[in-house]
Amino acid sequence: MARSFYEEYGIISEAHGAGELSATKYSKIVHVHAHDGFNESESFIKVMRDLMTKYENDSRKLLLIPCGDGYTELIAQYKEELSKVFVCPTVDLQTQALLSNKVSFYETCERYDLPYPKTLIVTKQLAEENKTLSLPFDFPVALKPANSVEWLDIDFVGRKKAFIIDTQQEFDETIGKIYQAGYTSEMIAQDFIPGDDSRMRVLNAYVDQHHQVRMMCMGHPLLEDPTPEAIGNYVAIMPDYNEEVCLKIKRFLESIRYTGYANFDMKYDVRDGEYKLFEINLRQGRSSFYVTLGGYNLAKYIVEDYVLEKPFTDTVIGMGNKLWIGVPKKILREYITEGPDKKAAMKYLNEGNYGSTVFYKQDMSFKRYLLVKRMFQQYNSRFKKYFRKK
């Protein structure tokens, strides 16, 4: 987001968080402020109240944009108070609760006729009462937490962001470990949609303060990070376009009176020809710079909405024109599955028609270059250690 604001308006962003990330270190386009316990409610609102005092007489419109699930939830929790000083282009607490939990999200999908994979909801009580859980679909099975915020505080040997499980024994053992580690919310067990990462799709949208979708841009992920704690994080996204899917999601977002950025993950199921939703992130995703890279600047839409107050005219359904990469090109050449998608990706690479979030000439001191280069190179050992074909 900081790069999007800088590219469009030359603005240096102020970022507040629980810690500093390598990706923002030595940056000249974002000032990072780290606060102990900022991801916890009490510490968060204490810091924010101090900032509200600091900015209370500032005549500018100050946009408060969450860039993580925990911060999205915290802003929703305190939105009424924060809105006295900041513009909070996010959902309210009720919508946050409805969509952030995957159980209620899938119930919502049912109501709005949005396809999603066959699913079994596993509760702590169900797991404790049954040593073996019978599944209504065959292995392999995808397993993930319903409450992604609570999951951040859970730790045990073998913990992953999400699991692909091949046997009943492995499934039962994994469920046991999860609840013994102190997790209390539901787990989502799903029919694994066949195919590798290149069957995935990602869709980013911006919905304005009047609940009208101003922009939608679809991407075609080709590869995901295989590291256990980062599974599901895309590392290569190619431009894509599907008007039917976009219009279905547009109707949904406007029907529930959504506000702000939305990020959908879905996968194409060759068995019935449908794109099935996995989740919605109530914010832009970590790889959403593919939207700005493709010509649809993420910052522009929110500024035109809240700062310039440009009236809504129509929904832009974008088709990007560059390949977004988050790992060295060598990894893409080695690990993307052979086929038409890889051939298309290699064409983007060979023609120099690609870009990344962190390699930015306007923000590239010698120190920063060495740091982000090292960040990229670390993926070589990660893929060698963890990558498996799906």
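# Briefing: charges, cysteines, backbone and surface

The side chains of Lys310 and Glu304 form a salt bridge, with 3.7 Å from N to O. This is a predicted model. A search of the whole structure gives 20 salt bridges and zero disulfides. The points below cover the charged pairs, the cysteines, the backbone, the surface patches and two spatial separations.

**Salt bridges**

- In the Lys310–Glu304 pair, the two partners differ in exposure: Lys310 is partly exposed because its relative accessibility is 42%, between the cut-offs of 20% and 50%.
- Glu304, the acidic partner, has a relative accessible area of 15%, so this residue falls under the 20% limit and counts as buried.
- Arg201 and Asp240 are joined through their side chains by a salt bridge of 2.7 Å, N to O.
- Arg201 sits in strand S7 (residues 200-207), while Asp240 sits in the loop between strand S9 (234-239) and helix H10 (243-255), so this salt bridge ties together parts that are 39 residues apart in sequence.
- Arg201 and Asp240 are buried.
- Arg368 and Asp363 also meet side chain to side chain in a salt bridge, at 3.3 Å from N to O.
- Arg368 is buried, as is Asp363.
- A network of salt bridges links Asp191, Asp269, Arg271, Asp272 and Lys276.

**Cysteines**

- With zero disulfides in the structure, Cys67 is in none; the nearest cysteine sulfur to that of Cys67 belongs to Cys88 and is 13 Å away.
- Cys109 is likewise in no disulfide, and its nearest cysteine sulfur, that of Cys246, is 16 Å away.
- A disulfide needs two cysteine sulfur atoms within 2.5 Å, so the 16 Å between the sulfurs of Cys109 and Cys246 rules that pair out.
- Cys109 has a relative accessibility of 1% and therefore counts as buried.

**Backbone features**

- The peptide bond between Phe139 and Pro140 is cis, with omega at about 5°.
- Pro140 is placed in the loop between helix H7 (124-129) and strand S4 (141-145).
- Asp113 is not a glycine, yet its phi is positive, at about 55°.
- The loop that holds Asp113 runs between H6 and strand S3 (119-122).
- Asp113 has 63% relative accessibility, over the 50% limit, so it counts as exposed.
- Arg257 is another non-glycine residue with a positive phi, here about 60°.
- Arg257 belongs to the loop between H10 and strand S10 (260-269).
- The relative accessible area of Arg257 is 53%, so Arg257 is exposed.

**Surface patches**

- Five acidic residues, Glu107, Glu110, Asp113, Glu244 and Glu274, gather on the surface as a patch of negative charge.
- Within this patch, Glu110 is part of helix H6 (residues 102-111).
- Glu110 has a relative accessible area of 52% and is therefore exposed.
- Tyr9, Ile11, Val307 and Leu308 make a nonpolar patch of about 320 Å² on the surface.
- Val307, one of the residues in the nonpolar patch, is located in the loop between helix H12 (298-306) and strand S12 (316-318).
- Val307 is partly exposed because its relative accessible area is 35%.

**Separations in sequence and in space**

- Gly158 is in the loop between helix H8 (148-151) and strand S5 (163-165).
- The relative accessibility of Gly158 is 46%, so Gly158 counts as partly exposed.
- Gly158 and Glu229 are 71 residues apart along the chain, and their C-alpha atoms are separated by 9.6 Å.
- Lys390 is in the segment after helix H15 (366-386).
- Lys390, at 38% relative accessibility, therefore counts as partly exposed.
- Lys390 and Lys118 are 272 residues apart in sequence, with 18 Å between their C-alpha atoms.

Key: Residues numbered from 1 in each chain as written. Predicted model: local features only at pLDDT ≥ 70, side-chain atom pairs only at ≥ 80, totals over all residues. Heavy atoms only, no water. Patch = residues over 30% accessible without salt bridge, like charges linked within 9 Å, V, L, I, M, F, W, Y side chains within 5 Å. Areas by Shrake-Rupley, 256 points an atom, 1.4 Å probe, with all protein chains shown as cover. Salt bridge = Lys/Arg side-chain N within 4 Å of Asp/Glu carboxyl O. Lys, Arg positive; Asp, Glu negative; His and termini not counted. Charge placed at Lys NZ, Arg CZ, Asp CG, Glu CD. Helix = DSSP H or I, 4+ residues; strand = E, 2+ residues; numbered from the N terminus. Buried < 20%, exposed > 50% of the residue type's maximum accessible area, 1.4 Å probe, protein only.
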